[in-house]
Amino acid sequence: MSSFLDLPGAVADPAGVAAHYGEPLPEQRALEAGTAVVDVSHRGVITVSGPDRLSWLNSMTSQQLLGLRPGESTETLLLDPNGRIERAIRIVDDGERSWLLVDEGSAEPLAAFLQRMRFALRVEVHDVSAEYATVLAFTGGGPAAAALRALSPAAEWQDPWAAVTAGGVQYARAAGHAAEGWAVSQFVFAREDLPAVAALLREGALRPAGLLALEALEVRAWRPAQHADVDERAIPHEFDWLRTAVHLTKGCYRGQETVAKVHNLGHPPRRLAMLHLDGSGGELPIAGALVYRAPEPGEARDPEARPVGRVTRAALHHEWGGIALALLKRALPEDAALEVALADSEERIAAAQEAIVPSDAGATREIPRLKRL
């Protein structure tokens, strides 16, 4: 059990860490201000060492990892042969080993896959999730990050989501991206050192924040996450993940053909949007809730209407109220009014969409049409 669950007010999440500490909205404000820490020790940690580690990882995943400098952070995706997302990987190299930070449930299968792919290369792969764990803090000027660095973490991964990385491309319309100012780090500590982090919180030097606070801020920043947003059909384009996790001009890797075809010639079949939810009822949809097109004024709801998408996660934001991320059909107009089904009821709540991935994303190359004979 996490030592953070002994802190006052802690309410456990099924994942084994704190969902909140009694005040989810103030926890959001503190986290955003850089005065709070989130326990994400339920996530996985893998190390890859050996002189071939970066070229080896580069050959299998979507980001350019050759030349990654010690201390430099990036993220990459492991895709299947059809370009669907299998694993989202946060990576930082310390000059001797690469630290791969992954969401819950991903460390064991990813380590097993990497072990099978070693062949004769000079690499060593270890799932160290039992020995190391991560905590998260915003790093935009508050004391939380400095206090964690003072405890000498084994590694620090800095989230690149705030801007488009080299070799990437952004589908979201450039003006006013919600990730502007996003400054988040995950700090890797030996599990035996986590009580020292918890002691800082118990003494009042910093405040604990739960997963609910982090989820709300991620939804507002349009930040995709594997554990919440990715399903078995997901491709990077649908989440605008080409901005930080894909390098479009690097060498071959598994799934690259789909990445190139969709970006250059086609369109992603679904698109991520943020939904602004009607908060009059005070209820949020659950993950997987179906999204429908709302009937026109004066029209009755069609009971046979097919859903146009699904909610991946919803949250109550301290400024924006009820918001959600949803995967919608590409053909759905960006100004269409929507309704979201609530769990175990026929009730639906109204929702307005804010496009993240536009309907016309992709098809960046104009292929000249051949004249007919």
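Here are some notes on the sheet, the barrel and the helix that touches both, all from a predicted model.

1. Start with the open sheet. Its 5 strands come in the order E10-E11-E9-E3-E12, and the pairing is mixed. At the edges sit strand E10 (155-158) and strand E12 (207-209), each of which pairs on one side only. Going from one strand to the next, the twist averages 30 degrees.

2. Zoom in on one edge of that sheet. Strand E3 (residues 36-39) and E12 run parallel and are joined by 3 bridges. If you want a pair to click on, valine 38 stands opposite alanine 209 in E12.

3. Now the barrel. This one is closed, has 6 strands in the order E13-E16-E15-E14-E17-E18, and its pairing is antiparallel. Here the twist averages 45 degrees from one strand to the next.

4. For a closer look at the barrel, take strand E17 (residues 338-341) and strand E18 (residues 348-355). They pair in the antiparallel sense over 4 bridges. Glutamate 339 stands opposite alanine 350 in E18.

5. Which strands of the open sheet does helix H6 lie across? Helix H6 (residues 211-220) lies across E3, strand E9 (132-138) and E12. The helix runs at about 105 degrees to E3.

6. H6 turns up again at the barrel. There, H6 lies across strand E13 (270-277), strand E15 (309-317) and strand E16 (321-329). Against E15, the helix runs at about 120 degrees. So if you load just one helix next to the strands, H6 is a handy pick, since H6 lies across strands of the open sheet and of the barrel.

Conventions. Residues are numbered from 1 along each chain as its sequence is written. This is a predicted model: local features need pLDDT of at least 70, side-chain atom pairs count only at pLDDT 80 or more; totals for chains, interfaces and linings use all residues. Side-chain values use heavy atoms; hydrogens and water are left out. Two strands pair if DSSP finds at least two bridges between them. Helices (H or I, at least four residues) and strands (E, at least two) are DSSP runs, numbered from the N terminus. Axes are lines fitted to C-alpha atoms, for helices over the stretch in contact, and angles run from 0 to 180 degrees between N-to-C directions. Contact means heavy atoms within 4.5 Å.
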